[in-house]
Amino acid sequence: DGGAAANDLLLNLQAQFAGLPVERPHGLETTSLGAALFAGLGVGRYRNVEELHGSLSIEERFQPSQELAAMVEKQKRGWQHAIQAVRLFAGGREEP
């Protein structure tokens, strides 16, 4: 949504680290549209979330890259080790 959705690098990174496709809609300011669609879901205008998908047109889809998967997993492990170190330093307990 907004400026962040216009950033190709950010959307590529999100797709890569989530391991899921990330879609950029044609209209970047979609916060109010999302609120309206979910309000419609709440009052019965839409039967389920799947019906909401047709309300947005997608400009571009960013796919995770298999070539970068090993690097991303290494980065995630490093991040998890850093979190564990901070927890231990702060007097918390180590988590698996």
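Let me start with Glu73 and Lys76, whose side chains meet in a salt bridge at 3.6 Å, N to O, where a salt bridge is a side-chain nitrogen of Lys or Arg within 4 Å of a carboxyl oxygen of Asp or Glu. Both residues lie in helix 4, residues 69-89, three residues apart, about one turn of the helix; helices here are DSSP runs of H or I with at least four residues, strands are runs of E with at least two, and both are numbered from the N terminus. Glu73 is partly exposed at 38% relative accessible area, and Lys76 is partly exposed at 27%, with buried meaning under 20%, exposed over 50%, and partly exposed in between, for a 1.4 Å probe and protein chains only.

Before going on, I should say that this is a predicted model, in which local features need pLDDT of at least 70 and side-chain atom pairs count only at pLDDT 80 or more, while totals for chains, interfaces and linings use all residues. Residues are numbered from 1 along each chain as its sequence is written, and side-chain values use heavy atoms, with hydrogens and water left out.

By the salt-bridge rule the count comes to six. One of them joins Arg61 to Glu23, with the closest N and O atoms 2.5 Å apart, and this pair links distant parts of the chain, since Arg61 is in strand 2, residues 58-62, and Glu23 is in strand 1, 38 residues apart. Arg61 is partly exposed, at 46%, and Glu23 is also partly exposed, at 37%. Another salt bridge is formed by the side chains of Glu51 and Arg47, at 2.7 Å, N to O; here Arg47 is exposed, at 74%, whereas Glu51 is partly exposed, at 26%. There is also a network of salt bridges that links Asp8, Arg24, Glu59 and Glu60.

Glu23 brings me to the largest pocket, because it appears in the lining together with residues including Phe38, Val49 and Ile58. A pocket, on a 1 Å grid over the protein atoms alone, is an open set of points where a 1.4 Å probe fits, with protein on both sides within 12 Å along at least five of seven lines, and lining residues have an atom within 4 Å of a point. About 310 Å³ of space lies in this pocket, the volume being the space filled by probe spheres set on the grid points, which are joined across faces, edges and corners. Helix 2 gives the largest share of the lining, three residues.
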